[in-house]
Every structure is written in structure tokens, then in C-alpha cells.
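Please load the model in your viewer and keep a selection box open. The stops below give what to select and what is found there.

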Amino acid sequence: MHAPVLVLNDATKRESGSKVHHANIQASKAVADIIRTTLGPRSMLKMLLDASGGIVLTNDGNAILRELDVAHPAAKTMIELSRTQDEEVGDGTTSALEHAIQALDEIAFPINIDDKQMMLNIVQSCIGTKFTSRFGTLIADLAIGSVKTIAVDLGSGLREVDIKKYIKIEKLPGGQLEDSKVLSGVMFNKDVVAPGKMRRKIKNPRILLLDCPLEYKKGENQTNAELMKEEDWATLLKMEEEYIEKVCAQIIMFKPDLVITEKGLSDLASHFLSKAGISAIRRLRKTDNNRIARACGATIVNRTDEIQESDIGLGAGLFEVQKIGDEYFTFIIDCKDPKACTVLLRGASKDLLNEVERNLHDAMGVARNVIKDAKLVPGGGAAEMAVSSILKQKGALIESVEQWPYHAAAKAFEVIPRTLAQNCGVNVIRTMTALQAKHASSDNRMIGIDGNTGVVTDMKALGIWDSYGVKVQTFKTAIEAASMLLRIDDILSGLKKKQAGGGPTPKGPQIEDDKDVDSEQMIPE
């Protein structure tokens, strides 16, 4: 017997699709409402309880969304998109595609990245709403200094700026935030293998980096050694010692001052190295080893019999182990041309340092985007308002129904200046009307909202800028996300649920009614 087939006519499909659209829009609005008050200089902080039971105190949009646990698939999609945005450009999470980008190109202008004051203004304007804005230009200086350190010019106007791989942020509670600095090299939480025998401070060290163990290779689990007489045990031990001595001799031949390996280092190897006046550090993370290699010009070697003179790092000016608090930290600093660095953050507490780190991450993202694509657009909602105005003008030239998306997108772009006005506490309608009137003329593309006073003013005069790369990515993410959500006309549960009587749930599409949609249900209490 065949199972019954459910037939949906076009009218039923349209009705179910509109309900799902409504549910998706409600869910997306709920996500937007959560982070709405985090925009602008007078933004509010959110206190979150994370999965591990810790407290997160932040006004960073991506940090808030990252901790949310929501049930609605459209809301989850919005959160995933915000994560993608943060991964791509590091900032701009809280913010007719081709024409919108063309409009942005019209108001963007190139800058000189060697102009320190201009770079400071850009980064400051992007993190001016954050917690650390009260500390002046400190975070902006750290961000610009670290990003410029690792930038590599590839020619043809291209630059490689990989802040994930080559910038490490070390947070050490204690001291003052003003004690934070960018090191001209790297630091990591390690001490030398034999503190009493090995030097903890070496000027202009010769550094050898290894990715192999300096200990006797252990046999596999099934290895059996059959010893026939007592002398065989001594022979076995002697073979191990000779192997270690041979490996150490291959290292000592190149006269390094410091040997760092990612693997283990035995006591016997430590004895031979310390006897030769060589300091050694073992079990270092691969990521840290890569940063040291970039900072001092060394090459990581996989086998000791393949070491060459060119593998030795000569770029570091100082190797030093310092005790900070109860722990030892190794510093490889004063490097000649470091293409990797460590940002050392000091502060009163862990919570403070965690929020400073989040702000610094955003600032580094902004600095990276400007260095990779040295173009700016005005901040304070001016860019969005200018794009909105241009889209309205283009939409007016189209006679068919194709003009509707232009008007809808133009209205959507106004949400940024409108939210800024709301967070300033000014009359939103009057402010938006004044801003729209200004942007009706193409001469006023730089006019935006002063986030501190709510006054409609020239962003160029205030020095409030946004990165062009961030804006482009935001526009792409927003419009593509809206298009994707509108293409969804059904939401199905992949979970098998049982009825009260124990029988299976009847087959067929389950449509969520718009009466069941409650944005508050998606937000954990």
C-alpha cells in the first residue's frame, strides 16, 4: 500500500512561504535588537554568562553574538554571518549590491599609510566607542605598531598582513595598562631546561630552531628487547648515550647560543648542550616557533644532520628570561627586521585584559584593512547615507518594479545613522530629515552624525573615518544574507519527535505559524 502524498497548490505554497519569511525577519530583528545599543560613542555594555560559567563584559558585537545560544535557524544564520564578517575583516560586525559598492567607490579616497596622525585618527574613530577609548591613543598605537611590524610588501601594491599567525597578544595581570607595549620580537611562557647551568641572558644570540626530539627515540608499543646477559643492558644504555651525543655534536658544530625545539629534550642532551655553553628550551608550540623564525630570520630544521649555517637566526639583539609574578617568560627582542611580534598587555585584572584584548583585535583589524587597501570612507553614518541617497537616485531612473529593491536597500542603509541618532538621545526624525536634506546634494557626501552630540556635521572636519574594506564586506554580507533569507520558504525540523501516545509524528511539512514566533524565546534568560 502506498503512503498518501500531500499536494500543495501554489496558493498554499505562497501562504506557507510568507509565514516563514515573517518568522525569519522576526528572528533576524531579534538578533539585531540585541546588539543595537552597542553602536556609537555612547554604546552600552552587555554582561554575558559564557558556556564555561565565566562572565563576559563587552560591547563588541561579535563577542556578544558568539556567546548566544539561539534556537531559530534564521537567527543562527545571522550569527554565523557575523562570525564570517569578523573573521574576514576583524571589525564591522554591527553594521542592489553592485551599485551600493559603486556608490561607496565614489566617496572613498586613498590615503598615505605612512602618515602616522592619519592612521591614528582612522583607528581611533573605529574604536572610539569601545571601553578602551578612555585611555587615549594607547590601543591605536599598539595596533598600528604591531600591524606595521608584520606587514610584508609583495610588490605591485600588494601587502601581506597576517595578524593571526604573526601577532601574539600576551596578557599579564599586574602593572598598569599604560605599561603595555609592542615588542620588537617575541615572548613566550617558557624557561631554559637547566636554569642553574644555562645562561638566561645572551646579547646578539645565534638561534637554532628545531622540530625534532633531542632524546633517544622510543620504540613502538610492540618492541621487544631480549637481553641474554648482564652486559647487554649496559650496551643498550651506551647506544642511547652515543645517539644523544652524536645529535648534540651535530648541533654544537654550528656554535649556536640558543637551541629551541618543539619536541622533548632529555637530561643527557641538556648536559651536553650546557657543557658547550648553549641554552636550550623544549616543547615550544609550533605557532610560537614560527613567530621566532620570522622575527630573527632563522629556519626551522627537522633533522639535526641537515643543519646549515643559513638556518641559524642572527637577527635578534637580546635573549633574556625574566620572572614576572610566579612564572618565567622568555624574551627574544631587539630584532633587526622582525616580521612577527608580541603585544604585551598589562592591567589590573583578567576581565579588564580580556576586554582590552577584544578592543585591540578590532583595532588591529582596522589597521590591517587600511594597510592592505589604503582607502577610507567617512564615518558617523555618512557613508551609508551617501549610498542610500545614490541608490534612491538610481532607483528613480528605473520605471519597472525593479526599482523596488533599490528603494528597499536605500531605506535599509539608513538604519546605521538612525541607530546612531537613537543612541545619542536626540530627536531621530528631525536629525534624519536634516541628514537626508544635506545628502540630497552630491557636495555633502561627508556629512554624518557626531556620536557624542548628535549634531549633523562634516565628518572630515571631525576626523571620523571608516575603513573602505570593512564597509565593502559589511555591504556584501548584509545584502547577500537578506537575499538568502528571502529565498527560504520552509523550515523543517531534522529531529524525530514522538507523540504523547508514543506513536511516530505524522509525515508532512511542518510550518511554524507566525503566532508562534516570539523573539524573546530565542534569547536565553
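## A tour by selection

Begin with helix H13. On the face of H13 turned away from its buried side, select Trp404 and Lys411, both exposed. The model is a predicted one, and it is worth keeping the whole chain in view before moving on.

**The whole chain.** Display the chain as a cartoon: 17 helices and 19 strands make it up. Of its 525 residues, 46% count as buried. With a surface drawn, the exposed area is about 28100 Å², and carbon and sulfur atoms supply 51% of that area.

**Helix H13, the buried side.** Select residues 403–413, which form H13. Which residues of H13 are buried? They are Gln403, Tyr406, Ala409, Ala410 and Phe413. These residues lie on the same side of H13, because they cover an arc of only 125° around the axis. Looking down the axis should make the arrangement easy to see.

**The end of H13 and its link to H12.** Next select Glu414, in the loop between H13 and helix H14 (415–424). Glu414 forms a salt bridge with Lys392, with 2.8 Å between the closest N and O atoms. Lys392 sits in helix H12 (residues 382–396), and the pair links distant parts of the chain, 22 residues apart. Buried or partly exposed: what is each partner? Glu414 counts as buried because its relative accessibility is 5%, under the 20% cut-off. Lys392, at 33% relative accessibility, counts as partly exposed.

**Helix H10 and a salt-bridge network.** Select Lys168, Glu170, Asp288 and Arg291 together; salt bridges that share partners join these residues into one network. Within this group, the side chains of Asp288 and Arg291 meet in a salt bridge of 2.9 Å, N to O. Asp288 and Arg291 are both buried. Why are they about one helical turn apart? Asp288 and Arg291 are separated by about one helical turn because they are 3 residues apart in helix H10 (residues 286–296). An α-helix has 3.6 residues a turn, so residues three or four places apart point the same way. For the wider count, a search of the whole structure finds 20 salt bridges.

**Another salt bridge.** Select Asp337 and Lys339, which form a salt bridge with the closest N and O atoms 3.7 Å apart. Lys339 is partly exposed, with 23% relative accessibility.

**Two backbone stops.** Color by phi if the viewer allows it. Most residues other than glycine have a negative phi. Select Arg283, in the loop between strand S12 (279–281) and H10. The phi of Arg283 is near 50°, a positive value in a residue other than glycine. Arg283 is partly exposed, with a relative accessible area of 49%. Then move to Asp334, in the loop between strand S14 (327–333) and strand S15 (341–347). Asp334 is not a glycine either, yet has a positive phi of about 55°. At 46% relative accessibility, Asp334 counts as partly exposed.

**A nonpolar surface patch.** Select Leu45, Met47, Leu49, Ile55 and Leu57, and show their surface. Together they make a nonpolar surface patch of about 520 Å². Which elements give two or more residues to the nonpolar patch? Strand S1 (46–49) and strand S2 (55–58) do. Leu57 is found in strand S2 and is partly exposed, its relative accessible area being 41%.

**Helix H2.** Go on to Ala63 in helix H2 (residues 61–67). Ala63 is buried, with a relative accessible area of 2%. Turn on a distance label to Ser82: the two C-alpha atoms are separated by 9.9 Å, with the residues 19 apart along the chain.

**A negative surface patch.** For the last stop, select Glu240, Glu241, Glu242 and Glu245, which form a negative surface patch. Glu240 lies in helix H8 (residues 230–252). Glu240 is partly exposed, with a relative accessible area of 31%. That value passes the patch cut-off, because patches are made of residues with over 30% relative accessible area and no salt bridge.

Key:
Residues numbered from 1 in each chain as written. Predicted model: local features only at pLDDT ≥ 70, side-chain atom pairs only at ≥ 80, totals over all residues. Heavy atoms only, no water. Patch = residues over 30% accessible without salt bridge, like charges linked within 9 Å, V, L, I, M, F, W, Y side chains within 5 Å. Areas by Shrake-Rupley, 256 points an atom, 1.4 Å probe, with all protein chains shown as cover. Salt bridge = Lys/Arg side-chain N within 4 Å of Asp/Glu carboxyl O. Lys, Arg positive; Asp, Glu negative; His and termini not counted. Charge placed at Lys NZ, Arg CZ, Asp CG, Glu CD. Helix = DSSP H or I, 4+ residues; strand = E, 2+ residues; numbered from the N terminus. Buried < 20%, exposed > 50% of the residue type's maximum accessible area, 1.4 Å probe, protein only. Arc of directions from axis to C-beta.
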